[in-house]
Amino acid sequence: MADPVRIAHLLRVQDLFPILQKEGGTYGSDLLKEMSGMDPDAAWGAEVAKIHDPEQLMPAFREDFGRALTGADEPAIEAWLDTPLGRRVVGLELQTREALLDPALEDRAIQAAEEADAADDPRLAAVRRVIAASDLVETNVIGGLNANLAFYRAMAAGNAFPYEVTEADMLADVAAQEEDIRADVTAWLEGYLFAAYGALSLDELQQLAQFNASAAGQELLRAEFTAFDRIYESTSAALGAALARRLTSADL
C-alpha cells in the first residue's frame, strides 16, 4: 500500500524546504527595501528565516499534502517517483533550483531559454509540453495572486498603509498584477526547467509529460499545488504582518 509520507519522501520535500527558506530570505530582503527603503538588518533576516523555517512549515505541508492525496492512485504515483527516471527528475529539479538561488545563474537560465525559443530548439518545445501537461503556469499564477492577496490583507490589518485600503481595493490591485505575474512565471519556469532537464533525452521528457498528463500525475500535481499554495499564503501573510510591524514602528 502506498503512503503519502513515502510519496513526500520520494519528492524529497525534506531537501526542498531549506531551498525555499533561502528563496524566502532573498524575497523578504528585497521586499523590505522595495516597500520601505530600509536595508535589511540581522533582526529582519532572522524574522524572515523564522517565517520560512522548514521545521515549522513541513508538518503543515505533509498534513495538507496527505489530505489532498485522499482518493488518488497513490500506488501509481509512488511507482513513477520510484523509477530511475522519476528519481532523476526530482534530483535535477532540486539541484537546479538550489543553483538558481544565485541571481546571475537565474538570469542566465532565463536567457538560455529565450535563446532556445529564438532558435526553435526542440528541447525547449519538449520542456513546454511538460509545463503544459502539468498546467504549471496557470496554477502558479493563481498561487501567486492568492499569496499577494494574503500579503496585502496582513499589511492592511497591521495598519501599514497611510490611507484606508478596502477589500475591493486589494482585490483590484492584485487582479491588475495578473499579466505581469504570468509573464514572470512563464519566463522563470521555462528557464528553470530548461536548465533542470538539460540532461534528459527527448524520449525521457516525453515520458515525463505523459506521466504528468495521466490521471495519477494530475492527482499528484493537484495535491502538491494544494499544499504549497497554503504554505505560500501563510508565509506571505506572515511577511505582510512582519513588514507592517516594521513600517509602523519606524513611523513612531
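Helices are DSSP runs of H or I with at least four residues, numbered from the N terminus. The close-ups below come from a predicted model.

**View 1. Arg12 in the loop between helix 1 and helix 2.** Helix 1 covers 4-10 and helix 2 covers 13-36, and Arg12 has its place in the loop between them. Most residues other than glycine have a negative phi. Arg12 has a positive phi, near 60°. The relative accessible area of Arg12 is 33%, so this residue is partly exposed.

**View 2. The crossing of helix 2 and helix 3.** Two packed helices are described by the angle between their axes and the distance between the axes. For helix 2 and helix 3, the axes come within 9 Å and cross at roughly 135°. The two helices are therefore oblique to each other, and their crossing is right-handed. From helix 2, Gln21, Gly24, Gly25, Gly28, Ser29 and Leu32 take part, meeting Trp44, Val48 and Ala49 of helix 3. Sorted by class, the residues of this contact are four nonpolar and five polar, with no charged residues.

**View 3. Buried and exposed residues of helix 3.** Helix 3 spans residues 42-51, and its buried residues are Trp44, Val48 and Ile51. These three lie on the same side of helix 3, because they cover an arc of only 55° around the axis. An α-helix has 3.6 residues a turn, so residues three or four places apart point the same way. On the other side of helix 3, Ala42 and Lys50 are exposed. Two of the buried residues, Trp44 and Val48, are also among those that meet helix 2.

**View 4. The crossing of helix 6 and helix 11.** Helix 6 consists of residues 84-99 and helix 11 of residues 178-196; their axes come within 9 Å and cross at roughly 120°. That angle makes helix 6 oblique to helix 11. The crossing of these two helices is right-handed. On helix 6 the contact is made by Leu92, Glu93, Thr96 and Arg97, and on helix 11 by Trp188, Tyr192, Ala195 and Ala196. The contact of helix 6 with helix 11 includes five nonpolar residues, one polar residue and two charged residues.

**View 5. Arg88 in helix 6 and its contacts.** Arg88 is found in helix 6. With a relative accessible area of 35%, Arg88 is partly exposed. Leaving aside neighbours within four places in sequence, Arg88 is in contact with Ala199, Leu200 and Glu204. Arg88 and Asn212 are 124 residues apart in sequence, and their C-alpha atoms are 15 Å apart in space.

**View 6. Asp135 in the loop between helix 8 and helix 9.** Asp135 lies in the loop between helix 8 (122-134) and helix 9 (136-157). Phi of Asp135 is near 50°, a positive value in a residue other than glycine. Asp135 counts as partly exposed, at 39% relative accessibility.

**View 7. Ala156 in helix 9 and its contacts.** Ala156 has its place in helix 9. Its relative accessibility is 23%, and Ala156 therefore counts as partly exposed, since buried means under 20%. Not counting residues up to four places away in sequence, Ala156 touches Phe161 and Met170. Ala156 and Ala241 are 85 residues apart along the chain, and 8.7 Å separates their C-alpha atoms.

Key. Residues are numbered from 1 along each chain as its sequence is written. This is a predicted model: local features need pLDDT of at least 70, side-chain atom pairs count only at pLDDT 80 or more; totals for chains, interfaces and linings use all residues. Side-chain values use heavy atoms; hydrogens and water are left out. Axes are lines fitted to C-alpha atoms, for helices over the stretch in contact, and angles run from 0 to 180 degrees between N-to-C directions. Angles under 35 degrees count as roughly parallel, over 145 as roughly antiparallel, 65 to 115 as roughly perpendicular and the rest as oblique. A crossing is left-handed if the near helix is turned anticlockwise from the far one by less than a right angle, and right-handed if clockwise. Contact means heavy atoms within 4.5 Å. Ala, Val, Leu, Ile, Met, Phe, Trp, Tyr, Cys and Pro count as nonpolar, Asp, Glu, Lys and Arg as charged, and the others, Gly among them, as polar. Buried means under 20% relative accessible area, exposed over 50%, partly exposed in between (1.4 Å probe, protein chains only). The arc is that of the directions from the helix axis to the C-beta atoms.
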